[in-house]
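Dear colleague,

Please find the structure below, handed over for your records. My notes on it follow directly after.

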Amino acid sequence: MPPKATNVEDLREQCRSAGLDTTGNKADLVKRLKNQKKQKNREELSPGDQDDPKYDAILVTKSKTGSEEEMKSEAKDVPGLQEGELKVQKVRGEPFVGNHWGLDLASLEECIRALEEKTSALEESASAHKLRQSALKDEVNLLWDDVFTLTLCVPEYSRVRNRFISTFKRDKLNNATESDIGSIQEGNIMAHEGDAAVDALLYEGLNGRRDPSAFKELYGMHPADVVKIRHKETIKILNIHAGVRADSHKTGTDEFYQRFAEFVQLFEGSGCDESYLTAGSQCADVARVYWSILDCQRYQDSA
């Protein structure tokens, strides 16, 4: 602010009160008082402001000043700009002039946008990877299901293969043993019995069977439900029913069919809980009917 008074005597009095030289004309006195005011303002600044008067970031843009030459000229007049510090750089297609701190600020928005785009791309990639991982996990689970199903079938299927070799020994080599005769008999029985685990797989895929009603007549359940069963005792009961149902020489008893139908109803009603033989009272009815099927007469007596 300029001195309050314009009278020379008053100005000299102000200088005297401030401890300043009182000689000179009016212009000298005013200048002296102004300089003292500036000095006082500087002393009121923080120590950091006093020690380093230059600005951290200096930036001039074409949209504010016009031509590039005018930008350079104006930037040079900015207080605190050190010699050799001035740089010209295009940011987002616009020329900017300033020191490197200012130019960094000018490109900050573009850097942030680039980082956001990169982050978004990484998130999309992570999401796709997660979906792929989930799909692979489902595929692995399906493969394990098939492996487990085949594992259930190995003992029964091995009887059929043993029958093949033992029959060859009997018919071609003429050296079949008692064990071979037993294998042939077991294999003959197996060839005419059910195998729910393997037969359910025949209904999967584009070329799978399309007569699930026939499967249900044999095993009492839909093939899509049977492929989920991992309990060998349950598979055994389904196989027993299929063997009785498909026997062309014998007729199953009404009691056997009734108990089997009750077992399927209770088993499906429990949500196909396969722990019924070890779950105590929670699945006591399913376990009771299971044992009753094994104990009851399966075929009618011959007339």
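Which residues of the largest nonpolar core touch the most other members? The model is a predicted one, and in it this core holds 29 residues, of which Met221, Val226, Leu238, Phe263, Phe267, Tyr276 and Ile293 have that role. At least two core residues come from each of α9 (196-201), α10 (212-219), α12 (232-246), α13 and α14. The largest share is that of α12, with 6 residues.

Leu238, one of the residues that touch the most other core members, may serve as an example. When residues up to four places away in sequence are not counted, Leu238 touches Ala196, Leu218, Tyr219, Met221, Val226, Ile229 and Phe260.

The packing of two helices deserves a separate paragraph. Such a pair is described by the angle between the helix axes and the distance between the axes. For helix α13 (residues 254-269) and helix α14 (residues 284-295), the angle is about 155° and the axes lie 9 Å apart. Angles over 145 degrees count as roughly antiparallel, and α13 is therefore roughly antiparallel to α14. The crossing in which α13 passes α14 is left-handed. On the α13 side, the contact is made by Phe256, Arg259, Phe260, Glu262, Phe263, Leu266 and Phe267. On the α14 side, Asp285, Val286, Arg288, Val289, Tyr290, Ser292 and Ile293 take part. By class, the residues of this contact comprise 9 nonpolar, 4 charged and 1 polar. Phe263, Phe267 and Ile293 appear both in this contact and among the core residues that touch the most other members.

I also draw your attention to His231, which lies in the loop between α11 (223-226) and α12. Its relative accessible area is 12%, so His231 is buried. Apart from neighbours within four places in sequence, His231 is in contact with Glu274, Tyr276 and Leu277. Tyr276 is itself one of the core residues named above.

Finally, two backbone positions may merit inspection. Most residues other than glycine have a negative phi. Asn174, which is not a glycine, has a positive phi of about 55°. Asn174 sits in the loop between α7 (108-173) and α8 (178-191) and is exposed, with a relative accessible area of 65%. Cys272, also not a glycine, has a positive phi of about 60°. The loop between α13 and α14 contains Cys272, which is partly exposed at a relative accessible area of 28%.

With kind regards

Key: Residues numbered from 1 in each chain as written. Predicted model: local features only at pLDDT ≥ 70, side-chain atom pairs only at ≥ 80, totals over all residues. Heavy atoms only, no water. Axes fitted to C-alpha atoms, helices over the stretch in contact; angles between N-to-C directions. Helix = DSSP H or I, 4+ residues; strand = E, 2+ residues; numbered from the N terminus. Parallel < 35°, antiparallel > 145°, perpendicular 65-115°, else oblique. Left-handed = near helix turned anticlockwise from the far one by under 90°. Contact = heavy atoms within 4.5 Å. Nonpolar A, V, L, I, M, F, W, Y, C, P; charged D, E, K, R; others polar. Core = buried A, V, L, I, M, F, W, Y, C linked by side-chain atoms within 4.5 Å. Buried < 20%, exposed > 50% of the residue type's maximum accessible area, 1.4 Å probe, protein only.
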